[in-house]
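Visitor: Hey, I've got a structure open and I'm a bit lost. Can we walk through it together?
Guide: Sure, let's bring it up and take your questions as they come.

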Amino acid sequence: MAISKPSVVRSSLTAQVYRTLRDRLMSGRFQPGERLKIGELAADLGVSETPVREAILLLTNDGAVEMKAGYYFLTRRLSLAEYMEIRRLRLLLEPLAAVEALPHVDAEFIAELQTIHATLVRAEKERDYPQAVKSNFDFHFTLYRRSGMSQLTDILERLWIQAGPLLNYLYPHGHPSYQGDHQHTRIIAALQAGDAPALSNAVEQDLIEGGQQFVAYLETIDGQDIEPVKKSSTKTVRRTPRA
């Protein structure tokens, strides 16, 4: 039996809302333990509450959102053990995605990554931490999606939507630090040189070296009952300008 047009339209709208909320989770737009108020999100997105509710239910299946008694939703705050498991998977998959992107890289694409990284550096200097978190997400997924491997990037997205809210602890508590050059600049240099081993190592070290203080901070708060943020995040984050 054919599906009615209204159902198709609603399904499409739910998918769009789901995609938007996924991107917000991955880029740290929601805090750990933040209550997701369906009415506020619907108003922010300019849609009815139904597709928002349906999208949030999909996100519970992804492990990014949890439903509490009384039918309200919170972003999940991962335990340290959960985060470290996700980190181990990222260490395996993100270098692979970067190397797979290498044959599809050109000068215009490298310039785009340089622009995104410049936005990140500027945001860190200005202590615009929401923008810094988003720019870091933009840098990595602009690269990974260049691989053209949709299954791989979908797996990475599912990992990032669970860990994304924790990235709000990155600044100022676990600010990335590097002994030498920022690993993003090493990633760019490896792309320019077409050096797959150097690229794989730079992506891996960005997570290991750049995340040392972040992991150390997560260790100090693991198991603590931190008060969830009450209000959904609707702050507008600057878009990274195209080169």
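Visitor: Let me start with a detail: which residue follows α8, and what is the sign of its phi?
Guide: That's Gly194, and its phi is positive, near 65 degrees. One thing to keep in mind as we go is that this is a predicted model.

Visitor: Okay, staying with α8: which of its residues are buried?
Guide: Helix α8 covers residues 183-193, and its buried residues are Gln183, His184, Ile187, Ile188, Ala190 and Leu191. They sit on the same side of α8, because they cover an arc of only 160 degrees around the axis.

Visitor: Is there some general helix rule behind that spacing, and what is it?
Guide: Yep, an α-helix has 3.6 residues a turn, so residues three or four places apart point the same way.

Visitor: What covers that buried side?
Guide: The cover over the buried residues of α8 includes α5, α6 and α9. On the face turned away from the buried side you'll find Gln192 and Ala193, which are exposed.

Visitor: Let's zoom out. How many helices and strands are there in the chain?
Guide: The chain has 10 helices and three strands. Starting at the N terminus, the order is α-β-α-α-β-β-α-α-α-α-α-α-α.

Visitor: And how much of the chain is buried?
Guide: Buried residues account for 48% of the 243 residues. If you take the contacts between residues at least 6 apart in sequence, 76% of them join residues at least 24 apart.

Visitor: What does the confidence look like for the chain?
Guide: The average pLDDT is 87, and 88% of the residues score at least 70. Two stretches stay under 50: one is residues 1-9, for which the model has one contact beyond four places in sequence. The other is residues 228-243, for which the model has 46 such contacts.

Visitor: New topic: holes! How many cavities of 30 Å³ or more turn up?
Guide: A search of the whole structure finds two. The largest has a volume of about 260 Å³. It has 23 lining residues, and the closest to its centre are Arg90, Asn136, Leu170, Asp206 and Leu207.

Visitor: Which helix gives the most to that lining?
Guide: That would be α4, with four residues. Helices α4 (80-101), α5 (107-125), α6 (129-145), α9 (196-208) and α10 (212-221) each supply at least two residues.

Visitor: What kinds of residues line the largest cavity?
Guide: Its lining has 12 nonpolar, six polar and five charged residues.

Visitor: And what about the second largest cavity, how much space is in there?
Guide: About 50 Å³. Its lining is made of Arg77, Leu78, Ser79, Leu80, Tyr83, Leu166, Leu218, Ile221 and Asp222. By class, that's six nonpolar, one polar and two charged residues. Helices α4 and α10 each supply at least two residues of this lining.

Visitor: Back to phi for a sec. Which residue has a positive phi although it is not a glycine?
Guide: Look at Arg127, with a phi of about 55 degrees. As background, most residues other than glycine have a negative phi. You'll find Arg127 in the loop between α5 and α6.

Visitor: Is Arg127 buried or exposed?
Guide: Exposed, because its relative accessible area is 65%, and over 50% counts as exposed.

Visitor: Now the start of the chain. Where is Val17 found, and what is it in contact with?
Guide: Val17 is found in helix α1, residues 5-26. Leaving aside neighbours within four places in sequence, Val17 is in contact with Leu45, Val47, Pro51, Val52 and Ala55. Val17 and Ala55 are 38 residues apart along the chain, yet their C-alpha atoms are separated by 6.2 Å. Val17 counts as buried because its relative accessible area is 3%, which is under 20%.

Visitor: And Ile38, which residues does it touch?
Guide: Not counting residues up to four places away in sequence, Ile38 touches Glu49, Val52, Arg53, Ile56 and Phe73. Ile38 is in helix α2, residues 38-45, and it's buried, with a relative accessible area of 12%. From Ile38 to Thr50 the C-alpha distance is 8.7 Å, with the two 12 residues apart in sequence.

Visitor: Great, thanks!

Key:
Residues are numbered from 1 along each chain as its sequence is written. This is a predicted model: local features need pLDDT of at least 70, side-chain atom pairs count only at pLDDT 80 or more; totals for chains, interfaces and linings use all residues. Side-chain values use heavy atoms; hydrogens and water are left out. On a 1 Å grid over the protein atoms alone, a cavity is a set of points where a 1.4 Å probe fits but cannot get out, and a pocket is an open set with protein on both sides within 12 Å along at least five of seven lines; lining residues have an atom within 4 Å of a point. Grid points are joined across faces, edges and corners, and a volume is the space filled by probe spheres set on the points. Ala, Val, Leu, Ile, Met, Phe, Trp, Tyr, Cys and Pro count as nonpolar, Asp, Glu, Lys and Arg as charged, and the others, Gly among them, as polar. Buried means under 20% relative accessible area, exposed over 50%, partly exposed in between (1.4 Å probe, protein chains only). The arc is that of the directions from the helix axis to the C-beta atoms. Contact means heavy atoms within 4.5 Å. pLDDT is the predictor's confidence in each residue, from 0 to 100.
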